[in-house]
Amino acid sequence: MFAKTFGATTAGIDGILIEVEADVSSGLPGFEIVGLPDAAVKEAKERVRTAIKNSGIKLPARKITINLAPADLKKDSSGLDLPIAVAILTAYGILPATHSQSAMFTGELSLEGQLRPVHGILPMAIRCHAKNINEFFLPAGNEQEALLVDDLKIFPLTKLIDIINHFTGKNKLSIAVKKDLSENTIIYEDFSDVQGQFAAKRALEIAAAGGHNILMCGAPGTGKTMLARRTATILPTLSRQEALEVTKIYSIAGFLKKGCGLISQRPFRSPHHTISNAGMIGGGSIPKPGEVTLSHNGVLFLDELPEFGKSTLEVLRQPLEDRKISIARANASYTFPSNFILIASMNPCPCGYLGDNLHSCSCTPTEIKRYTKKISGPLLDRIDIHIQVPRVNYTDLVNEKKTESSASIRKRVEYARQKQIQRLSSYHLYCNSQMNHALLKEFCCLTPAAQNMLKMIFERMKLSARSYDRLIKVSQTIADLADSKVITDQHVAEAVQFHSTINNNI
Amino acid sequence: MNNKEKGFLGEKYACQYLQQKHYTILAVNFSCRQGEIDIIAKKDNLIAFIEVKTRKNDKFGTASQAVNYLKQKKIIHTARIYISQHPAAVNYRFDIIEIYYSSSDNYKLQHIKGAFEI
C-alpha cells in the first residue's frame, strides 16, 4: 500500500518541506530509501525499523520503498526518522491515512522508540505554517521553539507509540502551550565596571548608535577586551523580527538550549584567532552558519586582529559590505544574513607598547610595519571608527564612584536609533552606517561652519572619497545622539578624531 | 558422522519441524547455477526460503552467523530464479533454521524468521 506524509529539513536558514512517500508491496523483503538521502538519513533505516519493533509493533516482512521528494535536494536531517516511521506505519495500515495531508512530523528516533530533539525546528515550523499545514508533531523539548509561530497546533511526543495511540484515538495527545520564557537575565557585565576610558566609551556608544564598525588599538591590559565585551549591553533591545532571525540561526546551528524559546539577547561572538575561513563565514558540503552569521544582529568581536589569518580577515569583506554572505557549493548556493557590528582590538605593535608613555617599545620599524600590514586597507576602510585606548591612570582606577551604567547609555543609543529608523525606514535601512553616498547627500544637512571644517579636513588630511563619506556618517550619528537636526562643526570635529592612524590609512 | 551426514540430518529435522508448524514443503535443495536453497516452504500467503545450518556447538560462532553476506546474496539470487520459475502473488521471507545437534534425541532447533532482507 502507498502512503504519504510530510517531514522537513533545512537548507541555509530556511526550512524545506519534504514529502515522505512510503510504499509497501509484496516481493522479496527489503528496505530502500531513495531521494538523495545523506548518511544520517540512510541510517534512519535501522533506527526506524528497530524503533517500530521495540514499540511493540510487528511488521511482516515486505518490500518497503521510501521516497523523499523533492528528489533533487540533498536531505541531511535526522529529523526525518519520524515522518519515515509514520509513512511506513500508514502504508502498513496501522495508522489511518486521514492525517497525511494535514500534519507535519519531525524527530529523531532512538532504538527504543523514544524521540530525540532535533535542530532547526523554528524554520521548519515557519515553513509548515507557510504551507498551510496546521498540525506539527515534534519531540518533547522542541515545543517552545515551534510555539514562536502562531496559529500552529504543536504536539510534543516522547515515544513513537504516542502517535499511534493519538491517531487510533486511544489516547489523544495534548496541544503544547506557550510558556512564559522571558528570561530574567542577570547581566554580569556592565559599563559601570569600567573605570576611566571615557573617550573609548564614548566611541563605543557612537558605534552602537550608528551601527559603525570599530577598531580599538592600545597597549596590553588597557581594557580593550573589557570594553568590547560590554558593548552588547548597550545595543538597542532586539525587535521581535530580529529576535526571530537570531533564533532561527541558532536553531539551525544547534546552539539553542533545550526548552528555550525566543532569544532575547543580542549575540556576542568572539572567535579565537585560530579560526578557519569556513568557521568564520560558514561552510561544509551542506553549508552551516559561521561566526559572521551567528553574530547577526549582534556583535562580532575579533580580539588581537593581526593574529587572525590573512585570508580569514579578507573573507570578512563581503559580509561587512553586503550584510549577508553567499556560500556557493556544488549542489546549491546558500545565503546567510550577517548584519553585525564588528569590534576589533589590536596592539599597536608586536611588543604592544608603541606610543605608551611609560613603557618603551622594543620593536623595529620593520616589525611594526609587518605587524600592521596584516590588516589590509580594504578591511580598514570598512571600519568607520578607529580609537586609541590609552592606559588608565591611577586616580581613575581607584575611583570608587560607579560610572554610568549600560542601561542609561542604552537609552541614548535607542533614542538615536529611533531617529535613524524614522529617517531611513523607506529605504529598509535602520542605521547610519548603512547609508550610501546618495543617501548621505539626501539626508545629511551640514551647517556652513561644518561644511568649512570638512573642506579644511579634506584638504589637510588628504582624505579619499570613501573616508569623506565615512566622516559624514559618523558625524551624523553624533548629531543624532546630540538630538540635533543638522550636523554642526562640533560634530564633525568629534568625528574626525576617529580616523585611522594605522598604515597611514585615512 | 561427517559434516555432510550432519547436514542432511539437520535438513530432515527442519522439514519435520516445518510440517509440524503447518508449512507445506515446496522444494528441498532447490539448486541452480547461482546457488542452493535448503528448503522452500509455504504457509498461507507466504513463501519462506530457508537456510538450515547444523552445528554441534557454538564454540566457533553460532550457526546463523555462518550465513554471511556472501551466502545471503547467493540465497537471494537463487530465490529470484525460483520466483521467476514459479510466479505467484505471494509474500516472501528469508529464514534461517539453526540446529545444535548432539544426538538423535538431543538436539535444539531455532527458527529465525525474516533473518535477512535484500
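## Starting in chain A: strands side by side

Let's begin with one pair of residues: A:A22 sits opposite A:I66, a residue of strand β4 in chain A. Keep in mind as you look that this is a predicted model. The pair belongs to a longer partnership, in which β2(A) and β4(A), the latter covering residues 63-69, run antiparallel and are joined over seven bridges.

β2(A) has another partner too. Strand β1 (residues 2-11) of chain A pairs with β2 (residues 14-25) in the antiparallel sense, this time over ten bridges. Want a landmark here? Find A:A8, whose bridge partner in β2(A) is A:L17. Now follow the chain from β1(A) into β2(A): this hairpin leaves two residues between the strands, and A:G12 there takes a positive phi near 65 degrees. As a bit of background, strands in a sheet pair through backbone hydrogen bonds, either parallel or antiparallel.

## Zooming out on chain A

How is chain A divided up? There's domain 1 (2-167), domain 2 (191-406) and domain 3 (435-506). Measure from centre to centre, using C-alpha atoms, and domain 1 of chain A is 57 Å from domain 3 of chain A.

## Two helices that cross

Next, look for helix α7 (residues 198-210) and helix α20 (residues 465-481), both in chain A: their axes come within 9 Å and cross at roughly 95 degrees. Angles of 65 to 115 degrees count as roughly perpendicular, and therefore that's the label for α7(A) and α20(A).

Which residues of α7(A) meet α20(A)? They are A:I206, A:A209 and A:G210, and across from them in α20(A) you'll find A:K473, A:V474, A:T477, A:I478, A:D480 and A:L481. Sort the residues of this contact by type and you get five nonpolar, two polar and two charged.

## Chain B: a sheet with helices on it

Over in chain B, the parts list is two helices and five strands. Walk along the sequence and they turn up in the pattern α-β-β-β-α-β-β. The five strands make an open sheet with mixed pairing, in the order β1-β2-β3-β4-β5. Which strands sit at the edges? Those are β1 (24-32) and β5 (106-112) of chain B, each pairing on one side only. Neighbouring strands in this sheet are turned by 25 degrees against each other on average, if you ignore direction.

For a parallel pair, check β3 (residues 46-55) and β4 (residues 91-103) of chain B, which are linked over ten bridges. Within that pair, B:T54 faces B:I99 of β4(B). Helix α2 (residues 69-85) of chain B packs on the sheet, where it touches β1, β2, β3 and β4 of chain B, and its direction makes about 60 degrees with that of β2(B). Helix α1 (residues 3-20) of chain B lies across β1, β2 (35-43), β3, β4 and β5 of chain B, and runs at about 140 degrees to β3(B).

What about the overall dimensions? Along its principal axes, the C-alpha atoms of chain B fill a box of roughly 40 × 30 × 20 Å. The radius of gyration of chain B is 14 Å, which agrees with the value near 13 Å that a compact globule of 118 residues would have.

## Where the chains meet

Finally, how many residues of chain A are in contact with chain B? Nine are, and they contact eleven residues of chain B. On the chain A side, the touching residues split into five nonpolar, three polar and one charged.

Note on methods:
Residues are numbered from 1 along each chain as its sequence is written. Chains are lettered from A and ligands numbered from 1 in the order in which they are written. This is a predicted model: local features need pLDDT of at least 70, side-chain atom pairs count only at pLDDT 80 or more; totals for chains, interfaces and linings use all residues. Two residues are in contact if their C-beta atoms, placed from the backbone, lie within 7 Å. Ala, Val, Leu, Ile, Met, Phe, Trp, Tyr, Cys and Pro count as nonpolar, Asp, Glu, Lys and Arg as charged, and the others, Gly among them, as polar. Axes are lines fitted to C-alpha atoms, for helices over the stretch in contact, and angles run from 0 to 180 degrees between N-to-C directions. Helices (H or I, at least four residues) and strands (E, at least two) are DSSP runs, numbered from the N terminus. Angles under 35 degrees count as roughly parallel, over 145 as roughly antiparallel, 65 to 115 as roughly perpendicular and the rest as oblique. Two strands pair if DSSP finds at least two bridges between them. Domain bounds come from an automatic or database domain assignment. The radius of gyration is taken over C-alpha atoms; the globule rule is 2.2 Å times the number of residues to the power 0.38.
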